[in-house]
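These are my notebook entries on one protein chain, written as I looked things up. I began with the strands, went on to the helices, and ended with a few single residues.

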Amino acid sequence: MRLENAYPEQLEEAKRKNIPIFIPVGTIEYHSAHLPLGTDTQVAFHTLERLEKTREIIIAPPVWYGPSSYAVRGPEGNSVDMDGTVLNATMYNIYMSLLKSGFRRIYTVIAHQTEDFNPTETACLDASRRVIFKFLEETRGIGWWGDRKMQSFYGTLDSEDNPWNYIRVCPIYPPRDMKGDHAGKYETSMLWALRPDLVREDKIGMSDDWFTETAKDASLALGEEMIGQIIAYWESIV
C-alpha cells in the first residue's frame with residue numbers, strides 16, 4: 001500500500017493490524033556517468049516495492065534530499081547537499097505525525113553510505129529518539145517513567161507495544177552483508193535489477209572516476225542475487 005494513495009479506512013485497518021510503514025530516505029548525489037543522481041533513493045524505494053509483493057507493508061513517499069555533501073564531486077556534479085539539521089527537522093515532523101496518527105512500527109530505510117559515519121542516518125536517529133521521548137511525555141505525562149504505574153516497564157519490553165521500537169532507522173542492506181560502493185559493481189548491479197532503464201551500460205567505464213572502476217563487473221544476475229538477499233532479510237523481520 002502506498003501512503004499517498006491510501007484512504008482513511010484502509011489506514012485505520014492497517015494501524016489496527018500494526019502493519020509496518022516504511023520511509024525510504026536518500027540523497028540527490030553525483031553517481032558518475034552511468035547512474036542517475038537519485039540512485040540511493042531508487043534502490044531503497046524499489047526494493048520496498050518488491051518487499052510489498054510478499055509482505056503487507058505501507059510505503060511512504062521517499063525523502064529524496066539528504067546530506068550528500070560534496071565529498072564525491074563539487075557542485076558541478078549537480079549534487080543537492082541538504083544540511084543534516086534540515087533533514088533532522090523534516091524527519092522529526094514526519095515521525096511525530098505518524099506516531100500521533102497511531103502508527104507504531106515505523107521503519108526508515110537508507111541506501112546511502114554503509115560506513116559507521118553516516119550523516120543521513122545520524123540525522124534520522126537523532127530525530128527518532130527525540131520524537132519518542134517527546135511523544136511519551138505528551139501521551140503518558142511528565143515524569144511518566146518514574147510513575148509507580150511504570151514499575152513493570154522493563155518487563156514489557158518484549159511485547160509488541162515497546163516504545164523504543166516505535167521508530168527504527170536501518171540500512172536497507174542486511175547488517176552482516178553490507179557491500180558498499182559508490183556507482184561501482186554492487187550499487188550498479190542493484191539498480192540494474194530494480195530499474196534497468198536507469199543504468200546506462202554504454203557509459204560504464206567512460207569516466208575517470210576511480211570509484212567506478214569495479215562497475216565493469218556489475219551484472220543483472222549479481223543485482224538480482226543481492227536484492228534477493230535483502231528481501232529475504234526484511235521478510236524475516238516483517
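The entries below follow the order in which I looked, and I note at the outset that the model is a predicted one.

**Entry 1: the sheet**

I started by asking in which order the strands of the sheet are arranged. I found an open sheet of 4 strands in the order β2-β1-β3-β4, and the pairing is parallel. The edge strands are β2 and β4, with β4 covering 167-171, and each of these two pairs on one side only.

I then went through the pairs of neighbours. Strand β1, residues 21-25, pairs with β2, residues 58-59, in the parallel sense over 2 bridges, and I noted that I21 has I58 of β2 as its bridge partner. On β3, which spans residues 106-110, β1 pairs in the parallel sense over 5 bridges, and here the bridge partner of V25 is I110. For β3 and β4 I also wrote down parallel pairing over 5 bridges, with V169 of β4 as the bridge partner of T108, while Y107 stands opposite R168 of β4.

**Entry 2: how covered the strands are**

Next I looked up how many of the residues in β1 are buried. The count is 5 of 5, so I wrote that this strand is mostly covered, with buried meaning a relative accessible area under 20%. I expected two sets of side chains, because in a regular strand the side chains alternate between the two faces of the sheet. In β1, I21, I23 and V25 point one way, whereas F22 and P24 point the other way, and all of them are buried.

I made the same check on the edge strand β4 and asked why it can be called largely enclosed by the rest of the structure. The reason I recorded is that 4 of the 5 residues of β4 are buried.

**Entry 3: helices around the sheet**

I followed the chain from β1 through helix α2, residues 39-51, to β2, and these three elements make a right-handed β-α-β unit. Helix α3, residues 84-101, packs on the sheet, where it touches β1, β3 and β4, and its direction makes about 170° with that of β1. Helix α6, residues 220-237, also lies across β1, β3 and β4, and I noted that it runs at about 165° to β3.

I then turned to a pair of helices, since two packed helices are described by the angle between their axes and the distance between the axes. For α2 and α6, the axes come within 10 Å and cross at roughly 65°, and the crossing is right-handed. The contact is made by T47, R50 and L51 from α2 together with E224, I227, I230, I231, W234 and E235 from α6. Sorted by kind, the residues of this contact divide into 5 nonpolar, 1 polar and 3 charged.

**Entry 4: two buried residues**

I wanted to know what surrounds T108, a residue placed in strand β3. T108 is buried, with a relative accessible area of 0%. Leaving aside its neighbours within four places in sequence, I listed its contacts as I23, V25, M91, Y95, C124, R168, V169 and C170.

The other residue I chose was L99, which lies in helix α3. L99 counts as buried because its relative accessibility is 1%. Not counting residues up to four places away in sequence, L99 touches R104, I106, V131, F135, Y166 and I167. I also looked up how far apart L99 and I167 are, and although 68 residues separate them in sequence, they are 8.9 Å apart in space from C-alpha to C-alpha.

**Entry 5: positive phi angles**

Last, I looked at two residues in loops. S69 has a positive phi of about 60° although it is not a glycine, and its place is in the loop between β2 and α3. I recorded S69 as partly exposed because its relative accessible area is 30%.

A183 lies in the loop between β4 and α5, the latter covering 185-194, and its phi is near 60°, again a positive value in a residue other than glycine. Is A183 buried or exposed? I entered A183 as buried, because its relative accessibility is 0%.

Technical notes: Residues numbered from 1 in each chain as written. Predicted model: local features only at pLDDT ≥ 70, side-chain atom pairs only at ≥ 80, totals over all residues. Heavy atoms only, no water. Buried < 20%, exposed > 50% of the residue type's maximum accessible area, 1.4 Å probe, protein only. Pairing = 2+ DSSP bridges. Right-handed = clockwise from strand over helix to strand, strands pointing away. Axes fitted to C-alpha atoms, helices over the stretch in contact; angles between N-to-C directions. Left-handed = near helix turned anticlockwise from the far one by under 90°. Contact = heavy atoms within 4.5 Å. Nonpolar A, V, L, I, M, F, W, Y, C, P; charged D, E, K, R; others polar.
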